[in-house]
Amino acid sequence: SLIFIPRELDANEPRVAASPDTVKRLTGLGFDVIVETGAGTRSRIPDEDFAKAGATIGKAADVAKADVVLKVRRPTDAELKGYKSGAAVIAIMDPYGNDAAVAALAKAGVTAFSMEFMPRITRAQSMDVLSSQANLAGYQAVIDGASEYDRALPMMMTAAGTVPAAKVFIMGVGVAGLQAIATARRLGAVVTATDVRPAAKEQVASLGAKFLAVEDDEFKAAETAGGYAKEMSKEYQAKQAALTAEHIAKQDIVITTALIPGRPAPKLVSAVMVASMKPGSVIVDLAVERGGNVEGAVPGQVVTTANNVKIVGHLNVPGRVAASASLLYAKNLFTFVETLVDKTTKALAINRDDELVKATMLTDGGKVVHPAFAKAAE
Ligand code: NAD
């Protein structure tokens with residue numbers, strides 16, 4: 001079978017869905033691999049490195065021959081025109097709120113897999129693109145926050161005087177938030193963090209940060225069986241806002257990462273809270289592409305407010321550490337592809353009863369098959 005790795009066309013997508021390491025492993029599985037010329041350029045992987053690993057360097061039109069296409073972003077309608085019907089396409093499909101795009105995948109006849117639906121079970125841990133990318137985003141958010149902040153983060157006692165440690169507040173401590181805590185601590189900041197899931201409390205403490213949350217009965221039940229947060233009630237949100245308001249006014253850098261699967265991001269920082277912060281403070285909104293946690297955050301911009309607080313709303317934050325992000329993403333995809341191959345015949349053999357396939361398969365045989373989207377497509 002033939003695997004094709006295209007160059008991502010989105011101007012804001014520097015990542016690539018393969019690395020020299022995964023190309024080598026894919027050829028080891030029995031695949032022929034074609035990498036589109038320039039696919040790795042923005043992740044610092046030159047064509048030669050892919051070629052040395054066993055890939056043929058090709059052009060965009062080679063996708064027509066591919067049985068499997070590995071991508072970062074969902075293919076556009078224009079891209080889909082070149083795909084072979086029946087090809088497996090593996091990417092971050094971002095299907096929520098994109099019914100037309102999902103229908104287009106079905107219409108193209110491709111078997112589309114949405115990597116972000118990979119179940120968070122032990123067997124699939126190495127295929128978890130949300131974790132691999134969120135971890136880097138959490139790291140990069142601190143780097144971005146620190147670089148917009150006009151002061152040093154660690155306490156520095158020098159002959160010329162003392163620089164106080166920066167106070168950093170992390171809102172939402174899933175994968176990104178935990179890495180943000182660890183990164184801010186390494187830089188010497190005094191770190192506090194909040195979440196609505198009780199499990200977060202111990203994790204925050206184990207990283208040496210202080211946990212702050214409204215710990216009522218609703219909080220005790222806020223975690224779903226899947227480990228995600230529920231959308232909280234109006235009452236809870238009001239209590240949370242009161243607690244946050246007091247704390248935020250004293251912070252130097254705030255990093256927000258709060259998400260709810262399939263829902264808009266919860267609004268955690270109001271304009272009034274932003275206005276209460278000291279001049280020179282920085283807020284980094286990692287949820288900006290999903291509606292934002294911070295009032296006044298603008299996707300793709302660094303906004304400076306009237307009271308001189310910067311609100312950072314960079315797009316595609318994992319893409320800001322593209323070379324690292326691509327290596328991990330490529331490995332996530334490789335591990336999944338490995339499960340789609342028959343070990344003896346070395347042929348592609350998608351087992352539609354496998355729970356990983358069931359959870360991630362979005363379209364198949366001309367239809368939208370994922371239970372969360374099949375209804376909308378009827
Ligand atoms: P996420 O990206 O969906 O959300 C980020 C964080 O925002 C979460 O911790 C969530 O609780 C929090 N949040 C949501 N609403 C909030 C609100 N109103 N106020 C404050 N915080 C709010 O989360 P994630 O990083 O994908 O992690 C979700 C869970 O999955 C965590 O428990 C994590 O440890 C777990 N996880 C498990 C595995 C695995 O078992 N393989 C892998 C990765 C993550």
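In this predicted model, strand S10 (residues 190–194) runs parallel to S11, and two bridges join the pair. Within this pairing, Ala193 sits opposite Phe211 of S11. Both strands belong to an open sheet of seven strands, which follow one another in the order S11-S10-S9-S12-S13-S15-S14 with mixed pairing. Strand S11 (210–211) and strand S14 (302–304) take the edge positions; each has a single partner strand, so one side of each is left without a neighbour in the sheet. As a reminder for newcomers, strands of a sheet pair through backbone hydrogen bonds, either parallel or antiparallel.

Helix H6 lies across this sheet, over strand S9 (167–171), S10 and strand S12 (253–256). Relative to S10, the helix runs at about 170°. H6 also meets another helix: the axes of H5 (residues 129–148) and H6 (residues 175–186) come within 7 Å and cross at roughly 40°. The crossing of H5 past H6 is right-handed. On the H5 side, the contact is made by Ser131, Ala134, Asn135, Ala137, Gly138, Tyr139, Ala141 and Val142. H6 contributes Val175, Ala176, Gly177, Leu178, Gln179, Ala180, Thr183 and Ala184. Sorted by class, the residues of this contact comprise ten nonpolar, six polar and no charged.

The same two helices bring the reader to the ligand: H5, H6 and helix H7 (199–206) each supply at least two residues of the shell around it. This shell holds 30 residues, of which Gly172, Gly174, Gly227, Ala229 and Ala258 come nearest to the ligand. By class, 18 residues of the shell are nonpolar, eight are polar and four are charged.

A further open sheet is built from eight strands in the order S3-S2-S1-S4-S5-S6-S16-S17, again with mixed pairing. Its edges are formed by S3 and strand S17 (367–368), each of which pairs on one side only. Helix H4 (residues 99–107) packs on this sheet and touches S6, S16 and S17, its direction making about 50° with that of S16. Inside the sheet, strand S4 (residues 68–73) is mostly covered, with five of its six residues buried. S4 pairs in the parallel sense with strand S1 (residues 2–5) over two bridges, and Phe4 stands opposite Val69 of S4. S4 also pairs in the parallel sense with strand S5 (residues 88–92), here over four bridges; Arg73 faces Ile92 of S5. An antiparallel example comes from S6 and strand S16 (residues 361–364), which are joined by two bridges. There, Ala112 has Thr363 of S16 as its bridge partner.

Several loop residues are also worth a visit. Gly54 is found between helix H2 (47–52) and strand S3 (56–58). This glycine counts as partly exposed because it has 16 C-beta neighbours inside 10 Å, a count that falls between the limits of 12 or fewer for exposed and 20 or more for buried. Leaving aside residues up to four places away in sequence, Gly54 touches Val23, Lys24, Thr27 and Val33. Gly54 and Ala330 are 276 residues apart in sequence, while their C-alpha atoms are 15 Å apart in space.

Ser126 occupies the loop between strand S6 (111–114) and H5. With 16 other C-beta atoms within 10 Å, Ser126 is partly exposed. The C-alpha atoms of Ser126 and Lys331 are 7.7 Å apart, although the two residues are separated by 205 residues in sequence. Ser126 touches Asn332 and Thr335, not counting residues up to four places away in sequence.

Two other loop residues are notable for their backbone angles. Most residues other than glycine have a negative phi. Arg44, however, has a phi near 65°, a positive value in a residue other than glycine. Arg44 lies in the loop between strand S2 (32–36) and H2, and with 14 C-beta neighbours inside 10 Å it counts as partly exposed. Asn308 likewise has a positive phi, of about 65°, although it is not a glycine. Asn308 is placed in the loop between S14 and strand S15 (310–312). With 12 other C-beta atoms within 10 Å, Asn308 is exposed.

Technical notes. Residues are numbered from 1 along each chain as its sequence is written. This is a predicted model: local features need pLDDT of at least 70, side-chain atom pairs count only at pLDDT 80 or more; totals for chains, interfaces and linings use all residues. Axes are lines fitted to C-alpha atoms, for helices over the stretch in contact, and angles run from 0 to 180 degrees between N-to-C directions. A crossing is left-handed if the near helix is turned anticlockwise from the far one by less than a right angle, and right-handed if clockwise. Two residues are in contact if their C-beta atoms, placed from the backbone, lie within 7 Å. Ala, Val, Leu, Ile, Met, Phe, Trp, Tyr, Cys and Pro count as nonpolar, Asp, Glu, Lys and Arg as charged, and the others, Gly among them, as polar. A residue is near a molecule or strand if its C-beta atom, placed from the backbone, lies within 6 Å of it. Two strands pair if DSSP finds at least two bridges between them.
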